[in-house]
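Dear colleague,

I am handing over the structure below, and after it you will find a short account of what was found. Please read the text with the coordinates open beside you.

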Amino acid sequence: PKGTGGDGNWASGHYHEGRQLVADFLEGGIRRQLEACDALQGFMFTHSLGGGVGSGMGTQLVSKMREEYPDKHMLSFSVLPSEKVSGYREWEQYSSILSLHHLVENTDGSVMIENSKLHTMCAKQQMQDATAAWFGCGATPPPVAQLNHLLANGMCGVTSSLRFPGDRQLDVSMASLHSTLVIFPRLHFFT
């Protein structure tokens, strides 16, 4: 249906609807919020690489943020599409390939998460729950809220040393995290 973001099309999400939505997003108060920050270190993005909105508009947002704030660190958490989970939709692979180019150029670190592995982890978590095992609920696909919760927990683990002051060995900035993990600037993908 028309008007649903990127309509599953990377180019539509990146160049057409996405360009205007990103401009509106930046002008709609985000820039003011960022300028009010005392010690802005960088940005973290979460998006899917399978559709038009997450991949096309997501990479448009990353590109514009890199243009506006070139000295800030960019870290993305990107969910890769899976044939096992979403069925075969040929545009998902194209969207992923087109997005990867922008992630190489505009992010300092990219954590790649396989959608099928995310679903497998949630299914295992459901089966460990005695109630789900008793009623056989482990066979149903996990709700999106559970997938998002698992992804958020992973992000919290990666960024905990950035958020909580503590021991000098654990108290790091985005710059030191980047310089420790990324040996070659263009090879900044983590799984």
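**Helices H2 and H4**

H2 and H4 are roughly parallel to each other, in what is, it should be said at the outset, a predicted model. The basis for that description is that helix H2, residues 52–68, and helix H4, residues 90–106, pack at an angle of about 15°, and angles under 35 degrees count as roughly parallel. Their axes lie 9 Å apart, and the crossing in which H2 passes H4 is left-handed.

On the H2 side, the residues that take part are Ser-55, Thr-59, Val-62, Ser-63 and Arg-66, and these meet Ser-95, Ser-99, His-102 and Asn-106 in H4. By class, the residues of this contact divide into seven polar, one nonpolar and one charged.

**The chain as a whole**

The secondary structure comes to eight helices and four strands, and from the N terminus on the order of the elements is α-β-α-β-α-α-β-α-α-α-α-β. The chain has 191 residues, of which 38% count as buried. If one takes the contacts between residues at least 6 apart in sequence, 74% of them join residues that are at least 24 apart.

**The nonpolar cores**

The largest nonpolar core is made up of 12 residues, namely Leu-75, Phe-77, Val-79, Val-111, Ile-113, Leu-118, Cys-122, Leu-147, Leu-150, Leu-151, Met-155 and Met-174. Two or more residues of this core come from each of strand E2 (73–80), strand E3 (109–114), helix H5 (115–128) and helix H7 (144–163), and H7 gives the most, with four residues. Apart from this core lies another, of 10 residues, which includes Leu-26, Leu-34, Leu-61 and Met-65.

Within the largest core, Leu-150 may be a useful residue to look at: when its neighbours within four places in sequence are left aside, Leu-150 is in contact with Leu-118, Met-121 and Cys-122.

**Ser-116 in helix H5**

Is Ser-116, which is found in helix H5, buried or exposed? Its relative accessible area is 11%, and since buried means under 20%, Ser-116 is counted as buried. Leaving aside the neighbours within four places in sequence, the residues in contact with Ser-116 are Ser-82, Lys-84 and Val-85.

With best regards

Technical notes. Residues numbered from 1 in each chain as written. Predicted model: local features only at pLDDT ≥ 70, side-chain atom pairs only at ≥ 80, totals over all residues. Heavy atoms only, no water. Core = buried A, V, L, I, M, F, W, Y, C linked by side-chain atoms within 4.5 Å. Buried < 20%, exposed > 50% of the residue type's maximum accessible area, 1.4 Å probe, protein only. Contact = heavy atoms within 4.5 Å. Axes fitted to C-alpha atoms, helices over the stretch in contact; angles between N-to-C directions. Parallel < 35°, antiparallel > 145°, perpendicular 65-115°, else oblique. Left-handed = near helix turned anticlockwise from the far one by under 90°. Nonpolar A, V, L, I, M, F, W, Y, C, P; charged D, E, K, R; others polar.
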